[in-house]
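Biologist: I am new to this structure and would love a close look at a single part of it. Could you take me slowly through the open sheet, and then show me what sits around it?

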Amino acid sequence: MSRILITGINGQLGFELRRSLAMLGKCICLDRQQLDLSRPADIAAVLDQYQPDIIVNPAAYTAVDKAESDDELAHAVNAAAPAAMAGWTGAKNALLLHYSTDYVFDGDKAMPYEEDDATSPQSVYGRSKCQGEQAIRASGADHIILRTSWVVGAHGSNFLKTIMRLARERDSLNVVADQIGAPTPAALIADVTAHIIKQWQTGKDKQLLGTYHLSSSGSTSWHGYTEYLLALAERYGVALQLKPENLHAIPSSAYPTPAKRPGNSRLNCSKIEHNFSLTMPAWQDGVEQVFQQIFNS
Ligand SMILES: NC(=O)C1=CN([C@@H]2O[C@H](COP(=O)(O)OP(=O)(O)OC[C@H]3O[C@@H](n4cnc5c(N)ncnc54)[C@H](OP(=O)(O)O)[C@@H]3O)[C@@H](O)[C@H]2O)C=CC1
Ligand SMILES: Cc1cn([C@H]2C[C@H](O)[C@@H](COP(=O)(O)OP(=O)(O)O[C@H]3O[C@@H](C)C(=O)[C@@H](O)[C@H]3O)O2)c(=O)[nH]c1=O
Ligand SMILES: [Mg+2]
C-alpha cells in the first residue's frame, strides 16, 4: 500500500486532495503546523519520520500581491521547500507530485501556452513558482508538475468568493477584461491527481513523468467570469446589491496592483488529455458546481 503524504491540507486544493486520494493508500495529511514550508531545512526530518512513497504538494505562498513585498518567504515556500522535497524523494526513489501556475508565463503569447514554451514570470509569486519547478527538474527526482490556473473551490478563498462578497456590498463594480484564462475547480485538479497516481501505481511508468498543463476547457476574462457569476446568482435566486448593468469592463491599466499579471493565462491541455485519456470539462460547469456548493444549500 502506498504511503501518500499531502501538504497544505487546509488550502483549496489540499482540502479536495484529502477526499480524492483517500482510497489510493494511506494518506498522511499535514497542515502548516505539522510541516512548515517556510523552514525548508527542517523538511527532510519530517519526511524521514513519515517515509512516504508519494508526496503531493499543494501548499504554497499564493498571495500574489503580498508576495511583491515578501520575496524571501515566497521563495522559501514556493522554491526552496519543493527543492528540499525533491532532494528527499530523489534519494528515496519516491514520487513528487507538485503544482504550478500560469503566472510562470508573461502572457504575451497569442495562443494557449504549451508545456515547453519559455517561462518569463512577471511577479515575485510567478518567479518563486518558476524556481520551484526548475529545482524539481534539476534534482533528477521522479516528478510530475501540474500547472493550473484560476483555482476555485468551496473551501478556501478565491476570486468567486471575493466577487460574490463585493456584489452583495456594492452597487457598482469594475473588473479587468484584458486578462484571459480558465477558472479551474480544485476538485477537478484533485480528481485528475488521483487518476495520475492510480496510473503511476500500476507500473511506475517513467513515460508518465514530467510537466503538464491542467485547466478547465474554454476561456474567459475576469470580467466575463464575473458576468457569469451574476447570471448564476440570478438563476439560483441569490440576492445581490450589484445589478449586471453596473458591472463595468476595464483594462488592467485602470486597476493598478503591486503584482503584474499575465494578459494571456490560457493553458493548452492536449498533453495531459492525450497521455492520461482525459477530457477537460468546460470552465462554466466547474464554476456552477462550486457556486451551488456554496450558495445552494
Ligand atoms: N489559487 C490559484 O488560483 C492557483 C493556485 N495554483 C497553485 O496550486 C496550488 C494550490 O493552490 P491553492 O489550494 O489555491 O492555494 P491556497 O492558498 O488555497 O492554499 C495554500 C495552502 O498552503 C499552505 N501554506 C502556506 N504557507 C505555508 C507554509 N509556510 N508551510 C506550510 N503550508 C503553507 C496554506 O496554509 P494555511 O491554510 O495555514 O494558510 C494553505 O493551506 C499551489 O501550488 C498554487 O501555487 C496554481 C494556479 C492558480
Ligand atoms: C476583486 C477584483 C479583482 N480584479 C482583478 C485583479 C486581478 O487582475 C484579477 C484577479 O484577481 P485576484 O487577485 O483574485 O487573482 P489572483 O490572486 O491574481 O489569482 C491568481 O492566483 C494565483 C495564486 C495563481 O496562480 C493564478 O492562476 C491566479 O488564480 O481581477 C478586478 O479587476 N476587480 C475587482 O474588483
Ligand atoms: Mg489571490
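Modeller: Happy to; what follows starts with the sheet, moves on to the two ligands, and ends with a few loop residues.

One thing to keep in mind from the start is that this is a predicted model. For orientation, an unreviewed UniProt entry carries the annotation "domain: RmlD-like substrate binding" for residues 3-293. That span is 40% helix and 15% strand, and its end C-alpha atoms lie 30 Å apart.

Now to the sheet itself. It is an open sheet of 6 strands, and reading across it you meet them in the order β2-β1-β3-β4-β5-β10, with parallel pairing. Two of these strands, β2 and β10, stand at the edges; each has a single partner strand, so one side of each is left without a neighbour in the sheet. From one strand to the next, the twist averages 20°.

Let's walk through some of the pairings, beginning at the β2 edge. Strand β1 covers residues 3-6 and strand β2 covers residues 26-29, and the two pair in the parallel sense over 4 bridges. If you want a spot to look for, find I4, whose bridge partner in β2 is C27. Between these two strands the chain passes through helix α1, residues 12-20, and this β-α-β crossover is right-handed.

Strand β1 also pairs with β3, which spans residues 54-57; this pairing is parallel too and has 3 bridges. Here the pair to look for is I6 and V56, which stand opposite each other. One step further along, β3 and β4 run parallel and are joined by 4 bridges. In that pairing, I54 of β3 stands opposite L95 in β4.

With the sheet in view, you can turn to ligand 1. It is surrounded by 26 residues, and the closest are G8, G11, L13, A60 and V151. The elements that give two or more residues to this shell are α1 and β4, so you will recognise both: α1 is the helix of the crossover between β1 and β2, and β4 is one of the strands of the sheet. The largest share, 3 residues, comes from α1. Sorted by class, the shell around ligand 1 has 12 nonpolar, 11 polar and 3 charged residues.

Ligand 2 has its own surroundings, made up of 20 residues, with T62, T101, F159, V176 and W222 the closest. In this shell, helix α6 (159-169) and strand β7 (173-176) each supply at least two residues. Strand β7 gives the most, with 4 residues. The classes here are 11 nonpolar, 7 polar and 2 charged residues.

Finally, let me point out some loop residues, starting with those that have a positive phi. N93 is found in the loop between α4 (71-92) and β4 (95-101). Its phi is near 60°, a positive value in a residue other than glycine. N93 is exposed, because 10 other C-beta atoms lie within 10 Å, and a residue with 12 or fewer counts as exposed.

K204 also has a positive phi, of about 45°, although it is not a glycine. You will find K204 in the loop between α7 (186-201) and β10 (210-213), and β10 is the edge strand you met earlier. K204 has 13 C-beta neighbours inside 10 Å and counts as partly exposed.

Two more loop residues can help you get a feeling for distances across the model. D42 sits in the loop between β2 and α2 (43-50). With 13 C-beta neighbours inside 10 Å, D42 counts as partly exposed. Its C-alpha atom is separated by 36 Å from that of V290, and the two residues are 248 residues apart along the chain. D116, in turn, lies in the loop between β4 and α5 (124-139). D116 has 9 C-beta neighbours inside 10 Å and counts as exposed. From D116 to D53, 63 residues apart along the chain, the C-alpha atoms are separated by 28 Å.

If you would like to retrace the route, begin at the edge strand β2, cross to β1 and look for I4 and C27, then follow α1 to the shell around ligand 1.

Terms used. Residues numbered from 1 in each chain as written. Chains lettered and ligands numbered in written order. Predicted model: local features only at pLDDT ≥ 70, side-chain atom pairs only at ≥ 80, totals over all residues. Near = placed C-beta within 6 Å. Nonpolar A, V, L, I, M, F, W, Y, C, P; charged D, E, K, R; others polar. Pairing = 2+ DSSP bridges. Right-handed = clockwise from strand over helix to strand, strands pointing away. Buried ≥ 20, exposed ≤ 12 C-beta atoms within 10 Å, placed from the backbone. UniProt positions renumbered as here; feature names shortened; annotations may be inferred. Axes fitted to C-alpha atoms, helices over the stretch in contact; angles between N-to-C directions.
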